[in-house]
Amino acid sequence: MPDLTLSFMNPRLLDDVSFHPCVRFKRWESERILSFIPPDGNFRLLSYHVSAQNLVAIPVYVKHGISFREGTSSGRFEVTLGPKQSMGKTVEGVTVTGQMPKGVLNMTLTPSQGTYVFDPVTKLLSWDVGKINPQKLPSLKGTMILQAGSSKPDENPTLNLHFKIQQLAISGLKVNRLDMYGEKYKPFKGIKYMTKAGKFQVRT
């Protein structure tokens, strides 16, 4: 049965760490080395936050212009996405969702790329963008049709952004080395970094 040790180049980045039960916690406390016997199948070795003194740059920016005209039954919707701190990596798997106000009956929008869907019953807008091309930023523009006689919404909608970036750990955490004991064969060792958006909200 393989016995593994994993070390990081910058373990001080880690804060509020929680470990899989297979990790020997005392070794981590004393040496900041993860020592463990991996269980069968896929598993999450650890979860962590980045400590407050290490600022993490958000890799995507959102420009938005959402307005409702007082006394009219229409509004304007415009959103543009772009890469910010992606270290030259491609931002992909991008989707934008937003819960529109109850007074919005329909939306007539034009995406520069991807496809969008607006459900007039649930008032949910979903834009499947795909990859962000820095040379041609994706945008979604158009008008909103409001219920006649309805008052201007108190708040603009909040947009939820989902994306992933291959071969980039936005936290800055880097693996130093992985060693295996208890097995005679020589394993192939490789590291694959990936950044995924969790709860990324943009208030418009």
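**Salt bridges and nonpolar cores**

K141 and E78 form a salt bridge, their closest N and O atoms lying 3.8 Å apart; the term denotes a side-chain nitrogen of Lys or Arg within 4 Å of a carboxyl oxygen of Asp or Glu. K141 belongs to strand β11 and E78 to strand β6, so the pair ties together parts that are 63 residues apart in sequence. Strands (E, at least two residues) and helices (H or I, at least four) are DSSP runs numbered from the N terminus. The model is predicted: local features require pLDDT of at least 70 and side-chain atom pairs count only at pLDDT 80 or more, whereas totals for chains, interfaces and linings use all residues. Residues are numbered from 1 along each chain as its sequence is written, and side-chain values use heavy atoms, without hydrogens and water.

The structure holds four salt bridges. In one of them, the side chains of R24 and D3 meet at 2.9 Å, N to O. R24 occupies the loop between β2 (14–19) and α1 (25–31), and D3 lies in strand β1, 21 residues apart.

The largest nonpolar core (buried Ala, Val, Leu, Ile, Met, Phe, Trp, Tyr and Cys residues joined through side-chain atoms within 4.5 Å; buried means under 20% relative accessible area, exposed over 50%, partly exposed in between, with a 1.4 Å probe and protein chains only) has 29 residues. Those with the most contacts inside this core are F77, L81, M107, M144 and L161. Elements giving two or more residues to the core include β6 (74–83) and β11 (139–146). A second, separate core of twelve residues includes F8, C22, W28 and L46.
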